[in-house]
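Please open the structure in your viewer and keep the selection tool at hand. The tour below goes from one selection to the next and says what to look for at each stop.

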Amino acid sequence: MVWIAVLLAACDVRRYRDDAPPPVPPPPAPTDRDTDPGEATADTAAPCPDEALATAPAAVSGDTSARSDDHAGSCGDAGGDVVVAFTAPAEGRYTVTAPGHALYALDDCFGAELACDPGGRLEVPLAVGETVFLVVDGDGPFTLEVSGAVPPCADFGLDEGAPASGEGDTTAAPDDAAASCGGDGVPDHLWSWTAPASGTFVFDTIGSSYDTVLYVLDGCGGVELGCDDDITFGTLQSEVAVTLSAGETVIVGVDGYRSTSVGPYALNVRVGP
Ligand SMILES: [Ca+2]
Ligand SMILES: [Ca+2]
Ligand SMILES: [Ca+2]
């Protein structure tokens, strides 16, 4: 009896070895169901951006405590964040602030980081129509502000509105510009300023330490709208009045009368008569 069982088992093994290998089951057909992992990730991803801006100056307020923590910057990942897509209405440098928060700029919603500041202040150069994704990170109420554009040729942007004042020192400045009433071969600073309304505005250098020349251009390398050396005989500072449209941006050159006319200066703008 035992021998018969052993013989049958041996025959069984032999038959199995001679057979073709058992067929491999076919792979499961691909499915397009909602349980597909890739699709599920896309479905649950946070909407981005949260807001979009295409004008400047502009501001967005909110509270990142109510937002999910979707992003992390190299300078701070403190919690909930908000993404604001800003598309530049003009070429230039934009100052972006979000006090009390980490602030960073990305080249896409989840793209590469361009800049990051834990103190919430960035200067972002942009071409016209270029979009940057600004992330305010860290729980709490926030106000994100985007300044007006400072044109590429301008050294500084004068505060918006009128009256406004700025100050500087041309001692170590290059000679970048000149106008019909002077400034050739003399160090200068170029400022940008945008008219808050249509009207006449007066620029002056009263309070400056040297013999200034002042001019106003309608843009970088643009048409001269006005130029002045001395306000009156014996007053070495300068004054120029120009008529502008609301939102028009001008370049204001603080220059000097001769090559040694450099030093600390003041630049002022007020609403004209
Ligand atoms: Ca975050
Ligand atoms: Ca000059
Ligand atoms: Ca002068």
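## A walk through the model

Begin by selecting Tyr 215 together with Gly 253, since in strand S17 Gly 253 is the bridge partner of Tyr 215. What you have open is a predicted model, and it helps to keep that in mind at each stop.

Widen the selection to residues 212–217, which make up strand S14, and you will find that S14 pairs with S17 in the antiparallel sense over 6 bridges. Next select residues 189–194, strand S12, which also pairs with S17 in the antiparallel sense over 6 bridges; within this pairing, Trp 191 stands opposite Val 252.

Now show S17 by itself, residues 249–256, where 8 of the 8 residues are buried. If you display the side directions, Thr 249, Ile 251, Gly 253 and Asp 255 point one way, while Val 250, Val 252, Val 254 and Gly 256 point the other way, and all of them are buried.

Keep Val 252 selected and add Leu 134, for these two touch the most other members of the largest nonpolar core, which holds 53 residues. This core draws at least three residues from each of domain 1 (51–146) and domain 2 (156–271). Around Leu 134, and leaving aside residues up to four places away in sequence, you can pick out Val 84, Phe 86, Val 96, Leu 103, Ala 105 and Leu 144 as the residues that it touches.

Phe 86 leads to the next stop, as it lies in S3 and has Leu 53 standing opposite. Select residues 81–87 for S3 and add S1, and you will see the two strands paired in the parallel sense over 3 bridges. Both belong to an open sheet of 5 strands, in the order S1-S3-S8-S5-S6, with mixed pairing. Strand S1 (51–53) and strand S6 (113–117) stand at the edges with a single partner strand each, so one side of each is left without a neighbour in the sheet. From one strand to the next, the twist averages 20°.

Finally, colour the model by confidence: the protein averages a pLDDT of 87, and 83% of the residues score at least 70. Over residues 1–18, however, the pLDDT is below 50, and this stretch has 0 contacts in the model beyond near neighbours in sequence. Residues 27–44 also stay under 50, with 4 contacts beyond four places in sequence. Where pLDDT is low, the predicted coordinates should not be read in detail.

Key
Residues numbered from 1 in each chain as written. Chains lettered and ligands numbered in written order. Predicted model: local features only at pLDDT ≥ 70, side-chain atom pairs only at ≥ 80, totals over all residues. Buried ≥ 20, exposed ≤ 12 C-beta atoms within 10 Å, placed from the backbone. Helix = DSSP H or I, 4+ residues; strand = E, 2+ residues; numbered from the N terminus. Pairing = 2+ DSSP bridges. pLDDT = per-residue confidence, 0-100. Contact = placed C-beta atoms within 7 Å. Axes fitted to C-alpha atoms, helices over the stretch in contact; angles between N-to-C directions. Core = buried A, V, L, I, M, F, W, Y, C linked by C-beta atoms within 7 Å. Domains from an automatic or database assignment.
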